Amino acid sequence: MTIAVVVAVTALLSTAAVLAIVRIVRGPTLLDRVVATDVLLAVLMGAIGAEAAFNRHATTLPILVVLSILGFVGSVSVVRFAARDDS
């Protein structure tokens with residue numbers, strides 16, 4: 001049962017990461033690429049969280065906190081730049 005869950009989670013996260021990378025490469029606008037990068041970071045955080053849950057340890061929690069802060073600050077910074085360009 002556990003192996004099946006690991007395989008399913010890995011397949012879903014891998015598919016989501018590939019789709020986000022495709023959007024980053026093909027995205028027609030800057031904001032599409034920013035959103036795709038944020039999604040890719042969320043997928044990475046999900047993978048790290050799943051690894052921590054499967055192995056039953058909490059040593060990666062500080063990494064998750066740092067990644068979430070970086071994702072938030074990065075997205076807000078890029079959106080502020082994009083908002084200035086439009087006006």
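How far apart are the mean positions of the positive and negative charges of the protein chain? In this predicted model, the 6 positive and 5 negative charges have mean positions that sit 2 Å apart.

As for confidence, the protein chain comes out with a mean pLDDT of 88, and 94% of its residues make it to 70 or more. Broken down by element, helix α1 (residues 2-26) has the highest mean pLDDT, at 93, while helix α3 (residues 61-86) has the lowest, at 85. A general caution goes with such values: where pLDDT is low, the predicted coordinates should not be read in detail.

The fold is quickly told. The protein chain has three helices and zero strands, so that, in the DSSP-based assignment, the order from the N terminus is simply α-α-α. Overall dimensions come next. Along the principal axes, the C-alpha atoms take up a box of roughly 55 × 25 × 10 Å. The radius of gyration of the protein chain is 15 Å, against a value near 12 Å for a compact globule of 87 residues.

On the surface side, about 6,300 Å² of the protein chain is exposed, and 74% of that area comes from carbon and sulfur atoms. Just 18% of the 87 residues count as buried. Turning to contacts, take those between residues at least 6 apart in sequence: 40% of them join residues at least 24 apart.

Two residues give a closer look at the packing. Met 45 belongs to helix α2 (residues 30-55). With a relative accessible area of 23%, Met 45 is classed as partly exposed, because that value falls between the 20% limit for buried and the 50% limit for exposed. Setting aside neighbours within four places in sequence, Met 45 makes contact with Leu 64, Leu 67 and Ser 68. One of these partners, Ser 68, is 23 residues away from Met 45 in sequence, yet the C-alpha atoms of the two are 7.8 Å apart in space.

The other residue, Thr 60, is found in the loop between α2 and α3. Here the relative accessible area is 11%, so Thr 60 counts as buried, the cut-off being under 20%. What does Thr 60 touch, not counting residues up to four places away in sequence? The partners of Thr 60 are Ile 48, Glu 51 and Ala 52.

Terms used: Residues are numbered from 1 along each chain as its sequence is written. This is a predicted model: local features need pLDDT of at least 70, side-chain atom pairs count only at pLDDT 80 or more; totals for chains, interfaces and linings use all residues. Side-chain values use heavy atoms; hydrogens and water are left out. Helices (H or I, at least four residues) and strands (E, at least two) are DSSP runs, numbered from the N terminus. The radius of gyration is taken over C-alpha atoms; the globule rule is 2.2 Å times the number of residues to the power 0.38. Buried means under 20% relative accessible area, exposed over 50%, partly exposed in between (1.4 Å probe, protein chains only). Contact means heavy atoms within 4.5 Å. Accessible areas come from the Shrake-Rupley method with a 1.4 Å probe; for residues, only the protein chains shown count as cover. Lys and Arg count as positive and Asp and Glu as negative; His and the chain ends are not counted. The place of a charge is taken as NZ of Lys, CZ of Arg, CG of Asp or CD of Glu. pLDDT is the predictor's confidence in each residue, from 0 to 100.
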